[in-house]
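Here is a short briefing to read alongside the structure. It goes through a pocket, some aromatic pairs and a sheet, topic by topic.

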Amino acid sequence: MSAQSRPGSVLDNPVWEALGGPHRDFAETGPAGLAARYPASVSPFAALCDPRDPHAWADLAALAGPGQEVWVTGLLTPPAGWQTLLSLPGVQLDGRPVRGKEEPEAVRLGAADVPDMLELVALAKPGPFSERTVELGTYLGIRSGGRLVAMAGERMRPPGWSEISAVCTHPDHRGRGLAGRLIRAVVAAVEERGDSPFLHAAAQNTSAIGLYEAMGFTLRREPLFIGLRTPDTKA
């Protein structure tokens, strides 16, 4: 797994680059080394070294097993035998113009906070978040009356970049700018490490995209988020 030469091109295949780079300790790899995935308790995403290579798809099928669900992202077309469960248009936004800012109310979230984080995710539905997702990077939250009411953190970490993710606010606390404040606080942590921020959003989530663009995020790419079922028989 290696970064390509074009600036920012690791973002074309961020899961693969993350699992071969800063997140290599999480990587589960196929027998041929052409596919990789996160453990299910961390993230549902898998990746192929080259989505145009049928051998990479066969390697992912071998890694996941027959008839199993996997999630991939990018601009890719699965080969015959793979069942598409969901194809969600998305946007990938470059956050290099965004300046980070520490947030005095933010607290660092860890393993002890996971039940509260899962409760908030169930209400706000920011996207996939599992029991061990918090291990992927810095997660910050804001509490009110002891209850977690907003959070944001890091998910994919391709070399030189970090994806801002799990941005969510409790429905009763929206309209106070909590999400924007936490995003800038996570960006500050990313910048302190010397990396650049980026993020993904569902293309239909225009209100969130509007917030991100107002903060300085710019459209880089329009990938798909695809849920697939592997072929029912071994490749």
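Strand 9 supplies the largest share of the lining of the largest pocket, with 7 residues. The model is a predicted one, and this pocket has a volume of about 960 Å³. Beyond the pocket, there are 6 aromatic pairs to look at, along with an open sheet of 3 strands.

**The largest pocket**

- The lining counts 37 residues, and those closest to the pocket centre are Lys125, Pro126, Gly127, Val167 and Asn205.
- Three strands are named among the elements that give two or more residues to this lining: strand 5 (83-94), strand 9 (161-169) and strand 10 (196-202).
- Helix 4 (178-192) and helix 5 (206-215) also give two or more residues each to the lining.
- Sorted by class, the lining holds 21 nonpolar residues, 11 polar ones and 5 charged ones.

**Aromatic pairs**

- The structure holds 6 aromatic pairs, and one of them joins Phe129 to Tyr139 in an edge-to-face arrangement.
- For Phe129 and Tyr139, the ring centres are 5.8 Å apart and the planes meet at 75°; that angle is over 60 degrees, so the pair counts as edge-to-face.
- Phe129 sits in the loop between helix 3 (114-124) and strand 7 (139-144), while Tyr139 belongs to strand 7, so their contact ties together parts that are 10 residues apart in sequence.
- Are these two residues buried or exposed? Phe129 has a relative accessible area of 11% and is buried, and Tyr139, at 0% relative accessibility, counts as buried too. Both values fall under the 20% cut-off for a buried residue.
- Tyr212 and Phe217 make another edge-to-face pair, with 6.0 Å from centre to centre and 65° between the planes.
- Tyr212 and Phe217 are both buried.

**The open sheet**

- Take a look at the sheet in which 3 strands follow the order 1-2-3, with antiparallel pairing.
- Which strands are at the edges? They are strand 1 (28-29) and strand 3 (46-48), each of which pairs on one side only.
- Strand 2 (residues 35-37) runs antiparallel to strand 3, and 3 bridges join the two.
- To find one of the contacts between them by eye, start at Ala36, whose bridge partner in strand 3 is Ala47.
- As background, the strands of a sheet pair through backbone hydrogen bonds, in either a parallel or an antiparallel way.

Notes: Residues are numbered from 1 along each chain as its sequence is written. This is a predicted model: local features need pLDDT of at least 70, side-chain atom pairs count only at pLDDT 80 or more; totals for chains, interfaces and linings use all residues. Side-chain values use heavy atoms; hydrogens and water are left out. Rings of Phe, Tyr and Trp (its six-membered ring) pair if their centres lie within 6.5 Å; planes under 30 degrees apart count as stacked, over 60 as edge-to-face and the rest as tilted. Helices (H or I, at least four residues) and strands (E, at least two) are DSSP runs, numbered from the N terminus. Buried means under 20% relative accessible area, exposed over 50%, partly exposed in between (1.4 Å probe, protein chains only). On a 1 Å grid over the protein atoms alone, a cavity is a set of points where a 1.4 Å probe fits but cannot get out, and a pocket is an open set with protein on both sides within 12 Å along at least five of seven lines; lining residues have an atom within 4 Å of a point. Grid points are joined across faces, edges and corners, and a volume is the space filled by probe spheres set on the points. Ala, Val, Leu, Ile, Met, Phe, Trp, Tyr, Cys and Pro count as nonpolar, Asp, Glu, Lys and Arg as charged, and the others, Gly among them, as polar. Two strands pair if DSSP finds at least two bridges between them.
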